[in-house]
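Have the sequence and the model open side by side. The text below goes through charged pairs, one helix and the aromatic rings in turn.

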Amino acid sequence: MDKFKSGFVSIIGRTNVGKSTLINNLVGEKVAITTAKCQTTRTAIKAIVNRENCQIIFTDTPGIHKPKTKLGEIMNETAWGAMPDVDLILFIIEATSDKIGKGDALILEKIKKTNKKTILIINKIDLIEKEKLLKLIELYSNEYNFQAIIPVSALKNENTEKILSEIEKHIPFGPAYYDIEEYTTQTVRQIAEETIREKALKMLDEEVPHGILVQIDKMNLRKTTKGEDIYDIEAVIFVLKKTHKGIIIGKQGAMLKRIGTYARQDIEKTLNTKVNLKLWVKVKEDWQENNSILKMFKNE
C-alpha cells in the first residue's frame, strides 16, 4: 500500500471549453451534464477515477466568465476556490485560439500565483491544423512551466489514458479516500436534478436555459406491484419570467413532456432503476439574486 497514490485534481478553464465532456471521458461514467451552451456547470462536481495503484479525485468547476448576477459571481468563486487545496491543476484551453485571450490570461495569472503543478490540456484539436497547434504549444510553454502539455479531442475521447498516466506521475503517495466502487460524490437527488436541467438546456432556446433552476420536492424509492424498485420523483423547474414558463411547457404541454421523457430515460439508466417522474414549472423572478437559494451553489 505504500506504493499507492492518491490526489486531488482541479479542472479549470473558460466556459464551454469542454471540461465536463473531458471529465466524463476520464471517469468513464456520466458525472457532469454536457451541452453546447455556456455556463452549464454551476457547482464544483467531484468525480473519482480508480486505477490499479492510484485514486484520482477530480473537481469539475464552473467555467470562468464575466458574471452578470450573484449566481455568476458564486460560480467564479467556486472555480477559483477549487485551486489552492489541490495537488494538481488541469488547465483546459481551446485549440482554436490564436493567442492567449483575456479569460485564459486571467486563469494563467491565478495559476502563477498559486504556483501549483499544472498540466495544460489543449482541447478540440480535431478542428485545427498541426502547425497551428505547435504555435499554441510554444506560446503557452513560454508563459508557465507546465508539467506536461497534452493535445486532446474530448469529443472524440482521444488521449484520455495519456492524461491519467501523466496525472499519476505528479500526485503524492497516499490512501484511497473513497470506495473503489464510487465515481462521484453527488447524491442521487443531485444527479436527478442535473439530468432534468441538462435536458431542458438541450431543448430550449438560447435565452431561457440560464434562468432555469431545478429542485426536487419529493424522491421516494418503493416497490411496484411486481416487486420491482421504482423511484417516484416530483420536481419543479423554476424560471425567471412568465414567458419562459410558457416556452418550457410548450403547446399543450409538449415541450415539458419531451424534457420529462428524456430526463426519465437518463435517470433510469444512471440509477439502474425504473423512475416515475412528474415535472412542474413555476416562476421565481429573483432566484439568481436570492441569497437563501444561492447557498446551495456555494462551495463550502
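What follows is a walk through side-chain contacts and burial in a predicted model.

Side chains of opposite charge can pair when their charged atoms come close. How many salt bridges does the structure hold? The count is 18. One of them joins Asp-98 to Lys-132, with the closest N and O atoms 3.3 Å apart. Asp-98 belongs to the loop between strand E4 (88–94) and helix H3 (102–114), while Lys-132 belongs to helix H4 (residues 130–141), so this salt bridge ties together parts that are 34 residues apart in sequence. The two ends are not equally covered by the cut-offs in use: Asp-98 has 64% relative accessibility and counts as exposed because the limit for that class is over 50%, whereas Lys-132, at 27%, counts as partly exposed.

A second salt bridge that links distant parts of the chain is formed by Lys-274 and Glu-228, at 3.3 Å from N to O. Here Lys-274 is in strand E9 (residues 274–283), and Glu-228 is in the loop between strand E7 (213–223) and strand E8 (229–239), 46 residues away. Both partners count as partly exposed, Lys-274 at 46% relative accessibility and Glu-228 at 35%. Elsewhere, salt bridges with shared partners join Arg-14, Glu-94, Asp-104 and Lys-124 into one network.

Helix H6 (residues 188–203) is the next stop. Its 16 residues reach 23 Å from the first C-alpha to the last, close to the 22 Å expected at 1.5 Å a residue. Is H6 mostly covered or mostly open? It is mostly covered, with twelve of its 16 residues buried. Among the buried residues are Ile-191, Ala-192, Thr-195, Ile-196, Leu-201 and Met-203, but also charged side chains, including Glu-193, Arg-197, Glu-198 and Lys-199. The elements that cover the buried part of H6 include E7, E8, helix H8 (254–271) and E9.

Two glutamates of H6 can be set side by side. Glu-198 forms a salt bridge with Lys-199, the closest N and O atoms being 3.2 Å apart. Glu-198 counts as buried at 0% relative accessibility, and Lys-199 is buried too, with a relative accessible area of 11%. Glu-193 is also buried but has no salt bridge. Why does the nearest side chain of opposite charge, Arg-189, not count as a partner of Glu-193? Arg-189 is 5.1 Å away, and a salt bridge needs a nitrogen within 4 Å of a carboxyl oxygen, so the pair falls outside the cut-off. Leaving out residues up to four places away in sequence, Glu-193 touches Val-214, Gln-215 and Ile-216.

The aromatic rings come last. The structure holds three aromatic pairs. In one of them, Phe-91 and Tyr-140 are edge-to-face, at 6.3 Å centre to centre with 65 degrees between the planes. Phe-91 lies in strand E4 and Tyr-140 in helix H4, so the pair ties together parts that are 49 residues apart in sequence. Phe-91 counts as buried at 0% relative accessibility, and Tyr-140 likewise at 0%. Another pair is Tyr-144 with Phe-146: the centres are 5.3 Å apart and the planes are at 65 degrees, so this pair is edge-to-face. Tyr-144 and Phe-146 are both buried.

Rings also meet charges in this model. The charged end of Lys-5 sits over the ring of Phe-173, 5.3 Å from the ring centre. For Lys-284, the ring below the charged end is that of Phe-238, with its centre 4.9 Å away.

Terms used. Residues are numbered from 1 along each chain as its sequence is written. This is a predicted model: local features need pLDDT of at least 70, side-chain atom pairs count only at pLDDT 80 or more; totals for chains, interfaces and linings use all residues. Side-chain values use heavy atoms; hydrogens and water are left out. Helices (H or I, at least four residues) and strands (E, at least two) are DSSP runs, numbered from the N terminus. Buried means under 20% relative accessible area, exposed over 50%, partly exposed in between (1.4 Å probe, protein chains only). The expected span of a helix is 1.5 Å times one less than its number of residues. Contact means heavy atoms within 4.5 Å. Rings of Phe, Tyr and Trp (its six-membered ring) pair if their centres lie within 6.5 Å; planes under 30 degrees apart count as stacked, over 60 as edge-to-face and the rest as tilted. A charge sits over a ring if NZ of Lys or CZ of Arg is within 6 Å of the ring centre and within 35 degrees of the ring normal.
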